[in-house]
Structure formats: structure tokens, C-alpha cells
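Here is a short note to help you find your way around this model. Please keep the sequence and the 3D view open beside it as you read.

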Amino acid sequence: MISDTLLRAARRTFFAGATAFVVGIVAVPSFVTPTIASDGPPSVADLAERLLGAVVNISTSQTVKGTEGPGAVPMPQLPEGSPFQDFFDDFFKNRGGDKGGAAQKVQSLGSGFVIDAEQGIVVTNNHVIADADDIEVNFSDGITLKAKLVGTDTKTDVAVLKVDPKGHKLTAVKFGDSTKMRVGDWVMAIGNPFGLGGTVTVGIVSARNRDINSGPYDDFIQTDAAINRGNSGGPLFNAQGEVIGINTAIISPSGGSIGIGFSIPSQLAAGVVDQLRQYGETRRGWLGVRIQPVTDDIAESLGMATAKGALVAGVIKGGPVDNGTVQAGDVIIKFDGKDIHEMRDLPRVVAESPVGKAVDVVIVRKGVEQTVKVTLGRLEDGEKLASGENGNTDQDKGDKATPPVSTASVLGMTIGELNDQTRQKFGIAADVSGVVVTDVAKDSAAAERGIQPGEVITEIAQESVGTPKDVMDRIGALKEQGRKNALLMLASKTGELRFVTIRMD
């Protein structure tokens, strides 16, 4: 039996504990009191109300014929007497999915925003209006206007439309400076997810400079503001209501937002929009070089302390630097005052530069840093030139095999002299010079680097080679210098250059 003294003591302990518990959940220490940052207001209603009128829904239609349309599914072949035969017959006939199906109208929805109320200029994604027969712009008050396509750019997925400004009173927004956005800054997305119309979501900048391999100028802003299907082409706003991005892509296994969305930064998009408005097409700067990444092995072979910049793998004939200003083997580390940290930085900064502009380019050539002056050409002209250069190459591949005059075996490769016989055997262009690779040993260092028979070694450690003996001498000299890797410049059968490093152990 418990004594009265013990019982009273137990009661005191219980109520003291209960009091402490109650006080503990009511009294919140001052150091955990929630606070709201000055740039993250508790309500964004005023900002959303001001911006909603400038954000539009883009509706497009396209006529397709039966199974010829994109995404059409053929009628499955079912076993005779299948209980599902009637179901599939009705389904595919109603869809026009059989070969005799009639033409259909395919509808799609996206988002966009007005940037010029006086001219009726609307910006959206290229993939929203691609191949559309009709484009309509739907405003938040229910008014719908026909739109005319001004211009598109597939490389950045930007499109510019024009509506009649007299048909509706337009509200416009302006581009802001995306370079000032920091990870953690508040952003607002407005768009047309799942066709619901003017939907507002809020989040932060999750990351910057994202490369998702969607194009040559990837530099996306990543955000956790909810972006779903139908948000494509819509604006991403900063806290001041300026457009700092165009929502264009999401990563999601289900098609819905999981907090990983991507926007084209305004720094890139604004220039493209201006060119499309002015010319109906883009006019980008062009350097006229083929480039590849600078790996740690390549940096060591070139005598560079760190792996940075873009390695020039080749110079396009007839291009802006075909005068020897920039040479294969140079590493570009700065362009027009902007640092080139990695290969993908160079195409973007060059493309953003005006055609005909004279710029300073800082290069590393044979371990020595120097500055050269370059006048930029136009990328679109360069693409035509490069296409013609590749298309006019003789690709005759003869069947007769004639043993090379001289051969050697080095670094897992069998190499030989490049003469008329080897040119014919491997289909090597007449303007390619060097030492031909005739065989590559399986599991060798050369095989690991993807070297193939028919490729031509033109340089080793930035010195030209013309015979198998030259190759052996250069490899021997590098080993004497204590080098672990050999830097090879290889030419393809058509003359396109690339650099590889091969272990010499």
C-alpha cells in the first residue's frame, strides 16, 4: 500500500510536469518566432493583380491526317475472336486512327505575355506554336484575338507573335535583368497549366546556369515555383514584376510539377526577341571554330595549371578566323572581357555579340597566354558554309586494300603513311594530312578514347606529324620529358578535327 506522503509527492510531481508541458506548448521562445523577409511578402495579391492582364493563353490548331499525324497510334493486331476487338474498332475509328481516317484538328494550349501594348507584341515558346495552322491569343477577360507569327528561334525555344492592338486594350510587362537574380530570391510564375487559365504560383530561384542539354545555349534559371503542362511560354517574374525568365521545361516523371522547373533567362531571351522583331530571324555572332572541353588530361598536356576554357579543335574554312588568328590547339579562356570557364560558355557569349563586332580574345597557345583581335561573322551564314564544306567532301570508299609503305605500332594503334592507297581504302578526303590509323587494338588506351581506323593523326603535343616515324619520335620525346599523357589532334575522314589524350604507361 502506498502511504499518503508518497501519494501527495507523486501528485505534486505529476501536476508540476503537466504545468511545464502546457507552458512548453503555449510559450514560444522569442528566437523561434517566425519572421517574414522584406522581399518575401505574406501576400502577393497586389503584384498578381497588376500582372495578370499581361499574361495570355496561347491556343493553336493543326490539321493532321489519320496515322500521319504526330503521336498517332496504329491499330493493334489482336488475336482472332478477341473480346476486345469491338472496343478497339470503335476507339480507333472514332479517332481517325485507321489508315482511312479523315483529317483532324489537333489542339494545344500554352502561355505567353505581352511586352509591347502599342505594337501588340506577344512572346511565347517556339514549341507552343510550332507547325500550327492557326494561333489565337486569349486574354484574362475572355477576349480572343488572332495572332500572326513574327519569328521563331529553335535554338532558344523563343517565338514572337503579333496581335492587332486595336482589337483589345493591352497591358504589357517588361524584361528585367536576370543576371541580378540570386539563389533564394522570390519569383512568381503565371500561366495556363492544364488549360485552367491565369494561374499564379510562387517560389524561389533554386539554381542558376542550368544545362539540361536542350540546345546550344542552355543557361536556365531553375525554380520551385509550380510549373506544369500549359505553363510553357509564360513569364517568370521577380518581386518587382519584371520578367526575368520564360518558363519552358520541367523535370517530372508524371508530367506534373515536382518543384523542378526551368526558365530561359531574360538576359538571353530579350536579345533574341529584339532580333526577331527587327529582322524576323536571329543574327548571332560567329567565331568560326569547332571546340571541345578542356579535360584535366588535356590541360596537363598543354601545360595549363587548371582545366578551363574551350579547346579549339578546328577552324572552319572561310570563317572569321581562317586567317591564322586562332588556330587548332588554342584554348580560348576569355572572350570580349568575359571569362570562359568551360566549353559551353563560349557559344553563348559569342552568339550574344553583334555581327561585325571586333573583339579581344584571350587564348593559350603552346602554354603562352596572348590576346588576339577578331571580327565576328554571322552564325547563320557560317552554318550554311559549314554545311557546304561537309557536303562537298569525296566519300569514295574503295574495296582494294594495298599495304601501307611503312607501318608502326604505338599506344595500341597500328599507324601507316597516308597515301593514295590508304586514302582510297578509308575514304579520306584529299585535303587531310598526317598519319593514318589502320587498326586499333581492343581494350587498348586508344580504344578507350574512341579512336577508330581511318582517323588521321595530324599533331602530337601540338607539333605536326607526317610519317609513322614522326609519331614514334614524338611519343618517345614526351616520355623522356616525364609526360604521362600524349595529346593527339585527330582528323576524321572528312577533315573534322578533335583532340584526345592517351595514357603512355
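The numbered points below cover the basis of the model, a barrel, a helix and two loop residues.

1. This is a predicted model, in which local features need pLDDT of at least 70, side-chain atom pairs count only at pLDDT 80 or more, and totals for chains, interfaces and linings use all residues. Residues are numbered from 1 along each chain as its sequence is written, and side-chain values use heavy atoms, with hydrogens and water left out.

2. A good place to start is the barrel: six strands close in the order β8-β9-β10-β13-β12-β11, with antiparallel pairing. From one strand to the next, the twist averages 45°. Strands here are DSSP runs of E with at least two residues, helices are runs of H or I with at least four, and both are numbered from the N terminus. Two strands pair if DSSP finds at least two bridges between them.

3. Now look at β8 (residues 186-191) and β11 (residues 235-237), antiparallel strands joined by two bridges. Methionine 188 has phenylalanine 237 in β11 as its bridge partner.

4. Helix α5 (residues 266-279) lies across β12 (243-250) and β13 (261-265), at about 50° to β13. Contact means heavy atoms within 4.5 Å; axes are lines fitted to C-alpha atoms, for helices over the stretch in contact, with angles from 0 to 180 degrees between N-to-C directions.

5. Aspartate 157, in the loop between β6 (148-153) and β7 (158-162), has a positive phi near 60° although it is not glycine. Aspartate 157 is buried, at 15% relative accessible area (buried means under 20%, with a 1.4 Å probe and protein chains only).

6. Alanine 461, another residue other than glycine, has a positive phi near 55°. Look for alanine 461 in the loop between β25 (456-460) and β26 (463-464).

Definitions and conventions: Buried < 20%, exposed > 50% of the residue type's maximum accessible area, 1.4 Å probe, protein only.
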